[in-house]
Amino acid sequence: MRCLKVPEAKRALFAFPYPVAIWRDPPRSIQLALSIAEDFGVRHIYTVGDVVTSNFLSSGYMPDAAAVDLKTRRKEYVKVVEAFPRVVKVRNPPGYITEEAWAAVEDALRNRGTLLLVEGEEDMLSLAFIALASDDSAVVYGHYLGALIIIPVGKYKEIRDLLKYMEVC
């Protein structure tokens, strides 16, 4: 896939809490996300973000793959890295999905237990996971206002259309 970046004029599109926002604190938010995943027949869960990934692990659930940048209270999230049998380092600047990041997400989807350790920012990799994951998957990430967002990929394929609003870099 090509390198893509979010144009400044379109940032608001990417900040919207698509489609299922859970406004509860952990561990209840994780329980609700797993219940929603079950209701949608989800077999694979991919997490994006330090806090979300840590909360899933603390709740006893190992995501199939995850992407973190270790920028939120770094020391607290060292255990996240140790929990995954495979760690892949990738560079991805804020607001971008680089070719390297696309390839790393593809690799993580093929290799269960992969943690993408992002130098830069992992936020946009949620869209890469949504674009590339199978229909029986869900992508879970944290919204900046505090909600946990879960996207059952097969049910909400139209979210992939957000890629059309990105610019080639």
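Is E100 buried or partly exposed? In this predicted model, E100 is partly exposed, with a relative accessible area of 31%. Its side chain meets that of R91 in a salt bridge, at 3.5 Å from N to O. Elsewhere, R86, D107 and R110 are joined into one network by salt bridges that share partners. A search of the whole structure gives 9 salt bridges.

The sheet comes next. Seven strands form an open sheet, in the order β2-β9-β8-β3-β4-β7-β5. The pairing is mixed. In general, the strands of a sheet pair through backbone hydrogen bonds, either parallel or antiparallel. Here β2 and β5 stand at the edges. Each has a single partner strand, so one side of each is left without a neighbour in the sheet. From one strand to the next, the twist averages 20°.

Strand β9 (148-152) shows the pairing in detail. On one side, β2 (residues 20-22) pairs with β9 in the antiparallel sense over 3 bridges. Within this pairing, I22 stands opposite L148. Strand β8 (137-142) also pairs with β9 in the antiparallel sense, over 5 bridges. Here P152 is the bridge partner of A138, and I150 stands opposite V140. The two strands β8 and β9 form a hairpin, with 5 residues between them. In the turn, G146 has a positive phi of about 115°.

How are the side chains of β9 arranged? In a regular strand, side chains alternate between the two faces of the sheet. In β9, L148, I150 and P152 point one way. I149 and I151 point the other way. All of them are buried. Because 5 of the 5 residues of β9 are buried, this strand is largely enclosed by the rest of the structure.

A helix also meets this part of the sheet. Helix α3 (residues 50-58) lies across β3, β4, β8 and β9. It runs at about 135° to β3. The buried residues of α3 are D50, V52, T53, S54 and F56. In an α-helix there are 3.6 residues a turn, so residues three or four places apart point the same way. Just after α3, G60 takes a positive phi of about 85°.

The nonpolar interior was examined next. The largest nonpolar core has 35 residues. Those with the most contacts inside this core are I97, L116, L127, F129 and M166. Both strands and helices contribute. β3 (44-48), β4 (65-68), β5 (86-92), α5 (99-110), β7 (114-120), α6 (125-132), β8 and β9 each supply at least two residues of the core. Apart from this core lies another, of 14 residues. Among its members are A37, I45, V52 and V140.

What does L127 touch, not counting residues up to four places away in sequence? Its partners are F14, I97, I159, L162, L163 and M166. Two of these, I97 and M166, are listed with L127 among the residues with the most contacts inside the largest core.

Several links join parts of the chain that are separated in sequence. A search of the whole structure finds 1 disulfide. C3 and C169 form this link, with their sulfur atoms 1.9 Å apart. The angle about the S-S bond is -105°, and the link is left-handed. C3 lies in the segment before β1 (4-5) and C169 in the segment after β10 (167-168), so the pair ties together parts that are 166 residues apart in sequence. The two cysteines sit in unlike surroundings. C3 is buried, with a relative accessible area of 14%, whereas C169 counts as partly exposed at 43%.

A salt bridge also connects β1 and β10. The side chains of E167 and K5 meet at 4.0 Å, N to O. E167 belongs to strand β10 and K5 to strand β1, 162 residues apart. E167 is partly exposed, with a relative accessible area of 37%. K5 also counts as partly exposed, at 26% relative accessibility.

A further salt bridge joins two loops. The side chains of R112 and D64 meet at 2.7 Å, N to O. R112 lies in the loop between α5 and β7 and D64 in the loop between α3 and β4, so the pair ties together parts that are 48 residues apart in sequence. R112 counts as exposed, at 62% relative accessibility. D64, by contrast, is buried, with a relative accessible area of 4%.

Definitions and conventions
Residues are numbered from 1 along each chain as its sequence is written. This is a predicted model: local features need pLDDT of at least 70, side-chain atom pairs count only at pLDDT 80 or more; totals for chains, interfaces and linings use all residues. Side-chain values use heavy atoms; hydrogens and water are left out. A nonpolar core is a set of buried Ala, Val, Leu, Ile, Met, Phe, Trp, Tyr and Cys residues joined through side-chain atoms within 4.5 Å. Buried means under 20% relative accessible area, exposed over 50%, partly exposed in between (1.4 Å probe, protein chains only). Helices (H or I, at least four residues) and strands (E, at least two) are DSSP runs, numbered from the N terminus. Contact means heavy atoms within 4.5 Å. Two strands pair if DSSP finds at least two bridges between them. A disulfide is a pair of cysteine sulfur atoms within 2.5 Å. Axes are lines fitted to C-alpha atoms, for helices over the stretch in contact, and angles run from 0 to 180 degrees between N-to-C directions.
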